[in-house]
Amino acid sequence: MKIGVLALQGAVVEHIDMIEKAGGEGVIVKRTEQLPDIDGIIIPGGESTTIGKLMRTYGFIDALREFSLQGKPLFGTCAGLIVLAKEISGQEEAHLGLMDIRVARNAFGRQRESFETDLDIKGVDKDVRAVFIRAPLIEQVGSEVDVLATYQDQIVAARQGHLLAASFHPELTDDERLHAYFLDMVRESR
Ligand code: GLN
């Protein structure tokens, strides 16, 4: 099973390591031509405006919408979650606009720029390690969206069919359980 990591900007190698640890084959994706060969893709954390701009420049907006239409799973972490969202609070334009969620960027405030915690994630496990860095949160979800995890009553992980999103960085821990869950989604989709 080949899992791509979109490598335009952000935390890429750590995701590749986690994919391999969870039993998949990690592929660094820099060109849209690689997508037909890939079974699922992770959009990593970084800076969503930059990632979105580069996606437009390199044709990834249309290519990943097509990828999604084929039913291939996408997993957005942190900035990647923002990229997947249909709506970004206070911003006119979305990026991929695939997932029926409204997100708020940098939602945890300055005093909590980054922190680590353990989360209970539905369908995954209890006490899954999560690193939050200038993290977004999910303010609103559509009826097709399943909330997987909350932190202090705020939604920080969700799934809509073949789309998975997390506010945090699961790749910056040594806990590969959320990646294993995504690999299961990819397996089911084939
Ligand atoms: N704050 C970033 C953004 O809004 C996301 C941060 C991250 O991916 N760690 O794009």
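A residue counts here as around the ligand if its C-beta atom, placed from the backbone, lies within 6 Å of it. Welcome to these close-up views of a predicted model.

**View 1. The residues around the ligand.** Here you meet G45, G46, E47 and S48, followed along the chain by C78, A79 and I82. R105 and N106 also belong to this group, as do I133, R134 and P136. By character, this shell divides into five nonpolar, four polar and three charged residues.

**View 2. The buried side of helix α3.** This helix spans residues 60-69, and F60, L64 and F67 are its residues to look for, as they are buried. These three lie on the same side of α3 because they cover an arc of only 50 degrees around the axis. Their cover includes strands β1 (2-6), β3 (40-43) and β4 (74-77), together with helix α2 (48-57).

**View 3. The other face of α3, and what follows the helix.** Turned away from the buried side is a face with the exposed residues D62, R65 and L69. Carry on just past α3 and you come to G71, with a positive phi of about 85 degrees.

**View 4. Strand β6 and its pairing with β5 and β9.** Strand β6 covers residues 99-104 and runs parallel to β5 (residues 85-88), with three bridges joining the two. To find your place, look for E87, which stands opposite R102 in β6. Strand β9 (residues 137-141) runs antiparallel to β6, and four bridges join them. In this pairing, I101 stands opposite V141 in β9.

Methods:
Residues are numbered from 1 along each chain as its sequence is written. This is a predicted model: local features need pLDDT of at least 70, side-chain atom pairs count only at pLDDT 80 or more; totals for chains, interfaces and linings use all residues. Ala, Val, Leu, Ile, Met, Phe, Trp, Tyr, Cys and Pro count as nonpolar, Asp, Glu, Lys and Arg as charged, and the others, Gly among them, as polar. A residue is buried if 20 or more other C-beta atoms lie within 10 Å of its own, exposed if 12 or fewer, and partly exposed in between; C-beta atoms are placed from the backbone. The arc is that of the directions from the helix axis to the C-beta atoms. Two residues are in contact if their C-beta atoms, placed from the backbone, lie within 7 Å. Two strands pair if DSSP finds at least two bridges between them.
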